[in-house]
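Colleague: Before I start asking, can we put the model up on the screen? I'd like to know what stands behind each label you use.

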Amino acid sequence: MRISILGAGSIAFGMAAYLAKEGHDPMLWSPSGEGAKALAAGEALEATGSFEHKSQVRVAKNCAEAIDTADVVIIAMPGYGHRAAFDAAAPSLKSHQHVIISSHCSFGALYLSKRLAERGVQLPISVWGTTLLTARQQSETSVKINTVRQKVDIATLPQSAIDQGLALCTKLFGDRFVARDGLLAIALSNLNPQNHLGIALLNLTRMEKGEAWGQGEHVTPAVGSVIESLDAERLAIAETFGLSVRTVFEHFSLSFHVPMGSVSEMNQQMHSEGRGGMGPSTIDSRYIFEDVPFGLVPTALLGRMTGKPAVLHEAGTTLLAAATGRDLSAENDLLPELALSDMTLDQLKRLCADGF
């Protein structure tokens, strides 16, 4: 299949290499024009780590070219780039195409649905609760794959397209997808923002000083306890909607192939096996500037709407805003366009089932 990937960072590189390895024909689009310049010049993309593959990958000159002949379009970039990607893609998307958002954040599928509805276009949008893999870009042409996840939660917009979305994603990436109960479940299934809050907030000076530090190693019992408490807030909100979502314990065990234990114990196991990864070496990190506005803020909004206030999510947002001197809540450019806070819970549920 011809798969266009909107993005040119670590996850986009990793997904392109994975798809090429499986015999598909991926194409990358770099919004800035810089991220895939070497690949556009004909150099091969090389993946090492959890799998190895090296091949040339097509690069689009612009978003319209990326979408024009694609069977599937995948959004694979940080949340702060999603609105710009949706705006660039919406004029060219056609009803026979399928969009995958990897990973989904801040009700972005609703924003894209709204933009498409303005053109009278409807198409299935598959949303993932996390990324297919974790990776770190090594150079302009190479990426190290840290892990390929065993299980990835999936839903679709509209919800009635779940069989189609599940079949497509399985065809592309293998039998690893777990169908969840709609977009709301996925909105409450991306655990990276809460986990990264605990990690970043309690290791902030390491990031600020540019230290090289093992992330798994520094998820100590205290850090793990904070992450588990954040998870309890998310699970309480999901329960109000009657939704079954993955726990943080299941997330670490299934994503990183370690026996079930406390969050700290599982991270220490990953570290001892050399798979704990490295923490951010700068405060200018997606752990803060993506995960707070596009992860913590939407969860906190759902907490207020359901009467289950996510006080730790709110506190973390406030503390990191103070540390960075930026109004992180205001940096979310998707939620203001959707006005979810003006809806009743029933209206929100209907919108998350059917789209615009």
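Modeller: Let's begin with a word we'll need: a residue is called buried when its relative accessible area is under 20%. Keep in mind that this is a predicted model. With that cut-off, the buried residues of helix H11 (residues 248-256) are Val-248, His-251, Phe-252, Ser-253, Ser-255 and Phe-256.

Colleague: Take His-251, then. Why is His-251 called buried?

Modeller: Its relative accessible area is 5%. Buried means under 20%, so the label fits. Leaving out residues up to four places away in sequence, His-251 touches Arg-149, Leu-191, Asn-192, Asn-195, Arg-246 and Phe-256.

Colleague: What covers the buried residues of H11?

Modeller: The cover includes strands S9 and S10, together with helix H8 (192-201), helix H10 (221-240) and helix H12 (263-272). Just after H11, by the way, His-257 takes a positive phi of about 60°.

Colleague: You mentioned H8. What makes H8 largely enclosed?

Modeller: Nine of the 10 residues of H8 are buried, so the rest of the structure largely encloses this helix. Among those buried are Asn-192, Asn-195, His-196 and Ile-199. The cover over the buried residues of H8 includes helix H9 (204-208), H10, H11, helix H13 (286-289), helix H14 (291-306) and helix H15 (311-324).

Colleague: And what makes you call helix H5 mostly covered?

Modeller: Again it's a count: in H5 (residues 108-117), seven of the 10 residues are buried. They are Gly-108, Ala-109, Leu-110, Tyr-111, Leu-112, Ser-113 and Leu-116.

Colleague: Let's go for the opposite label. Why is Lys-171 called exposed?

Modeller: Lys-171 has a relative accessible area of 57%. Exposed means over 50%, so Lys-171 qualifies. This lysine is found in helix H6 (residues 162-173). Apart from neighbours within four places in sequence, Lys-171 is in contact with Met-1 and His-24.

Colleague: Now a charged residue. How do you know that Glu-233 has no salt bridge?

Modeller: The nearest side chain of opposite charge, Arg-234, is 9.5 Å away. A salt bridge needs a side-chain nitrogen of Lys or Arg within 4 Å of a carboxyl oxygen of Asp or Glu, so there isn't one here. Glu-233 is buried all the same, and it lies in helix H10. What Glu-233 touches, residues up to four places away in sequence aside, is Ala-310, Val-311, Leu-312 and His-313.

Colleague: I always check cysteines. How do you know that Cys-105 is in no disulfide?

Modeller: A search of the whole structure finds zero disulfides. For Cys-105, the nearest cysteine sulfur is that of Cys-352, 14 Å away. The two sulfur atoms would have to be within 2.5 Å, so Cys-105 is ruled out. Cys-169 is in no disulfide either: the nearest cysteine sulfur belongs to Cys-105 and is 17 Å away.

Colleague: Are these two cysteines buried or exposed?

Modeller: Cys-105 is at 9% relative accessibility and counts as buried. Cys-169 is buried too, at 0%. Buried means under 20%, so both values earn the label.

Colleague: On to the strands. What makes S4 and S9 edge strands?

Modeller: They belong to an open sheet of four strands in the order S4-S3-S10-S9, with mixed pairing. Strand S4 (53-55) and strand S9 (133-137) each have a single partner strand, so one side of each is left without a neighbour in the sheet. The twist from one strand to the next averages 20°.

Colleague: How do you know that S3 and S10 pair?

Modeller: Strand S3 (residues 45-49) and strand S10 (residues 142-148) share four bridges, in the parallel sense. Pairing takes at least two bridges, so they pass. As an example, Glu-46 has Ser-142 as its bridge partner in S10. Helix H1 (residues 10-21) lies across S3, S4, S9 and S10, running at about 115° to S9.

Colleague: Which strands are at the edges of the eight-strand sheet?

Modeller: That open sheet runs S5-S2-S1-S6-S7-S8-S11-S12, also with mixed pairing. Strand S5 (58-59) and strand S12 (177-179) are its edge strands, each pairing on one side only. S12 runs parallel to strand S11 (residues 152-157), and three bridges join them. Pairing needs at least two, so these strands count as a pair. Val-152 stands opposite Phe-177 in S12.

Conventions:
Residues are numbered from 1 along each chain as its sequence is written. This is a predicted model: local features need pLDDT of at least 70, side-chain atom pairs count only at pLDDT 80 or more; totals for chains, interfaces and linings use all residues. Side-chain values use heavy atoms; hydrogens and water are left out. Helices (H or I, at least four residues) and strands (E, at least two) are DSSP runs, numbered from the N terminus. Axes are lines fitted to C-alpha atoms, for helices over the stretch in contact, and angles run from 0 to 180 degrees between N-to-C directions. Contact means heavy atoms within 4.5 Å. Buried means under 20% relative accessible area, exposed over 50%, partly exposed in between (1.4 Å probe, protein chains only). Lys and Arg count as positive and Asp and Glu as negative; His and the chain ends are not counted.
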